[in-house]
Amino acid sequence: MKKHNYSAGPCILPQEVFEKSAQAILDFNGSGLSILEISHRSKDFIAVMDEARALVLELLGLTGKGYQALFLSSGASMEFLMVPYNLMKENGKAAYLDTGTWANNAIKEAKLFGQTEVVASSKDANYNFIPKDYTILADADYFHCTSNNTIFGTQMKSFPKTGIPMVCDMSSDIFSRVLDFSQFDLIYAGAQKNMGPAGTTLVVVKEEILGHTGRTIPSILDYQKHIKADSMYNTPPVFPVYASLLTLQWIKNNGGIAAMEKINNAKAELLYNEIDRNPLFRGTAQVEDRSAMNATFLLNDESKAAEFDQMWKAAGISGIAGHRSVGGYRASMYNALPLESVQVLVEVMRAFEQKA
Ligand SMILES: *Cc1c(COP(=O)(O)O)cnc(C)c1O
């Protein structure tokens, strides 16, 4: 039986993405070849890459606005260093907002390149909120933030007006809600949280911000080289890019980001209402900063954990054990998780209350 998959990433993808990917592994587009054995330089795969890159910009509303979409390898963690390499001037500086483990990892890498100012941090509160009052150095080369904090269950609901290039790690909420994406100059996202299987990272960058650092950048880490090569500077992750394209098509065919947002809000409301209503549970993130993607919550009485765990497992739920830095539970409700899965979880929480 198909599980209700709340995994934080890699995570649930649309059923049709699983089916079409499986088909393409056996026979890609009736070519008599598997997607796993074709050349990345083949006409068929170039078409996949071109369509995926164009569809990203279309869904984000960035077509014709000077942006390029790239599908790179090595994960979002590689962007933690590619961003300063490509944007921080020699002897320059950057400003970072510290809202969680991933933001912190990005800061650590930036420090290897130059002066890295942390404009605000919620670390002392175990990252249970998003800092809102801070000033960003007007002479920083860029400002970096993390739109959704996958581990701590918080999400930025608004973004500062910076006057300098704004970089955002959107690994865990890209394509999940409507934003003015043109306020960002560089967006990156590991595919495995909302877009595809692990193995590719999406980078969307406004071309005009590149090429101003005075640094010599190794080719593989140079966004301009990847743009020039149409995202095929080296062998791209062929299969993850194909599966990501299928997800992007699914998003488009189901009404685009606006339609995703509507369902995501309904799912989040249903679960958070139950967390707040049910006397056995409490949420960990401050209410106004709660993430619609990753809901983190605790049992008020930890000694009942074994009983609750047994109940959700019996209901076919998978992947809601919390991250070790927060404990308790984390329900990740990415685009492909159906509303019915949240209904099942809420029913289990109610049944658990009845038993207690
Ligand atoms: C998972 C995650 C990352 C790290 O992604 P990798 O692809 O494993 O390097 C970075 N940022 C955020 C917000 C994440 O959720």
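The following dialogue examines how several descriptive terms apply to this predicted model.

Colleague: What should be known about the model before its terms are discussed?

Modeller: The model is predicted, with local features needing pLDDT of at least 70 and side-chain atom pairs counting only at pLDDT 80 or more, while totals for chains, interfaces and linings use all residues. Residues are numbered from 1 along each chain as its sequence is written, and side-chain values use heavy atoms, with hydrogens and water left out.

Colleague: Why is α3 called oblique to α4?

Modeller: Two packed helices are described by the angle between their axes and the distance between the axes. Helices are DSSP runs of H or I with at least four residues, strands are runs of E with at least two, and both are numbered from the N terminus. Axes are lines fitted to C-alpha atoms, for helices over the stretch in contact, and angles run from 0 to 180 degrees between N-to-C directions. The axes of α3 (residues 75-87) and α4 (residues 101-111) cross at roughly 40 degrees and come within 8 Å. Angles under 35 degrees count as roughly parallel, over 145 as roughly antiparallel, 65 to 115 as roughly perpendicular, and the rest as oblique. The helix α3 is therefore oblique to α4.

Colleague: Which residues make the contact of α3 and α4?

Modeller: Contact means heavy atoms within 4.5 Å. On α3 the residues are Ser-77, Phe-80, Leu-81 and Pro-84, and on α4 they are Trp-102, Asn-105, Ala-106, Glu-109 and Ala-110. By class, the contact has six nonpolar, two polar and one charged residues. Here Ala, Val, Leu, Ile, Met, Phe, Trp, Tyr, Cys and Pro count as nonpolar, Asp, Glu, Lys and Arg as charged, and the others, Gly among them, as polar.

Colleague: What makes α7 roughly parallel to α9?

Modeller: The axes of α7 (residues 256-277) and α9 (residues 339-355) cross at roughly 10 degrees and come within 9 Å. That angle makes α7 roughly parallel to α9. Among the residues that meet are Leu-270 and Leu-271 in α7 and Val-342 and Val-346 in α9. The classes in this contact are nine nonpolar, one polar and five charged residues.

Colleague: How do you know that α1 and α6 are oblique to each other?

Modeller: The axes of α1 and α6 come within 9 Å and cross at roughly 140 degrees. The two helices are therefore oblique to each other. Their crossing is right-handed. A crossing is left-handed if the near helix is turned anticlockwise from the far one by less than a right angle, and right-handed if clockwise. The residues of the contact include Val-17 and Ala-24 of α1, together with Phe-239 and Trp-250 of α6. They divide into eight nonpolar, two polar and two charged.

Colleague: Why does Thr-99 count as buried or exposed?

Modeller: Buried means under 20% relative accessible area, exposed over 50%, and partly exposed in between, with a 1.4 Å probe and protein chains only. Thr-99 has 1% relative accessibility and so counts as buried. Thr-99 is placed in the loop between β3 (93-98) and α4. Leaving aside residues up to four places away in sequence, Thr-99 touches residues including Ser-122, Tyr-127 and Asn-149.

Colleague: What makes the pairing of Thr-99 and Asn-149 a polar contact?

Modeller: A polar contact is a pair of N or O atoms within 3.5 Å; within protein, one must be able to donate a hydrogen and the other to accept it, and residues adjacent in sequence count only if both atoms are side-chain atoms. The side chains of Thr-99 and Asn-149 are joined by such a contact of 2.8 Å.

Colleague: Why are Asn-273 and Ala-314 classed as they are?

Modeller: Asn-273, in helix α7, has 44% relative accessibility and therefore counts as partly exposed. Ala-314, in helix α8 (residues 305-314), is exposed because its relative accessible area is 64%.

Colleague: What is notable in the backbone at Tyr-127, Ser-231 and Pro-10?

Modeller: Most residues other than glycine have a negative phi, and most peptide bonds are trans. Phi of Tyr-127 is near 55 degrees, a positive value, and phi of Ser-231 is near 65 degrees, also positive. Tyr-127, at 5% relative accessibility, counts as buried, and Ser-231 counts as buried at 3%. The peptide bond from Gly-9 to Pro-10 is cis, with omega near -5 degrees.
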